[in-house]
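Work through the two exercises below with the sequence and structure at hand. Each has a task and a solution in steps.

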Amino acid sequence: MVSKNKFHTVNDLINILEKGKLIMFLDIQGICAEDIRRLRNIVFENNLKMKVFKNTLQKIAFCKSSFKERNINLKGQTAVLWDTGDSLCAAKILSDFKKA
């Protein structure tokens, strides 16, 4: 039986996939906790959202969303960065973060 928490997490992910204007999957394997914290702060300051979900739950959400035709291959630690507004600054933020 699936726990209520996992059920809600999958529903949250489906909502993100369906309503997000911009969705990015980030491989955060090997990035130290301090750098992740810095990235989260930058994301928050720019009115974006970022969260780490279990890969299995991400795959389930993909299968239940309109993206079910896509082949998703997640390995290691994966964060989801999304924006529900019209801002496309996420790519610039990630580029600047990578350079730093």
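The exercises concern one residue and then the sheet around it.

The model is predicted, so local features need pLDDT of at least 70 and side-chain atom pairs count only at pLDDT 80 or more, while totals for chains, interfaces and linings use all residues. Residues are numbered from 1 along each chain as its sequence is written, and side-chain values use heavy atoms, without hydrogens and water.

**Exercise 1.** Determine whether Met-50 is buried or exposed, and list what Met-50 touches.

Solution.
- Step 1: Met-50 lies in strand S2, residues 49-52. Strands (E, at least two residues) are DSSP runs numbered from the N terminus, as are helices (H or I, at least four).
- Step 2: Met-50 counts as buried because its relative accessibility is 12%. Buried means under 20% relative accessible area, exposed over 50%, partly exposed in between (1.4 Å probe, protein chains only).
- Step 3: Leaving out residues up to four places away in sequence, Met-50 touches Leu-26, Ile-36, Leu-39, Arg-40, Val-43, Ala-79, Val-80, Leu-81 and Trp-82. Contact means heavy atoms within 4.5 Å.

**Exercise 2.** State in what order the strands of the sheet stand, and explain why S1 and S2 each have one side without a neighbour in the sheet.

Solution.
- Step 1: The open sheet has 3 strands in the order S1-S3-S2, with antiparallel pairing. Two strands pair if DSSP finds at least two bridges between them.
- Step 2: S1 (22-27) and S2 stand at the edges with a single partner strand each, so one side of each lacks a neighbour in the sheet.
- Step 3: S1 pairs with S3 (residues 78-83) over 6 bridges, in the antiparallel sense. Leu-22 stands opposite Asp-83 in S3.
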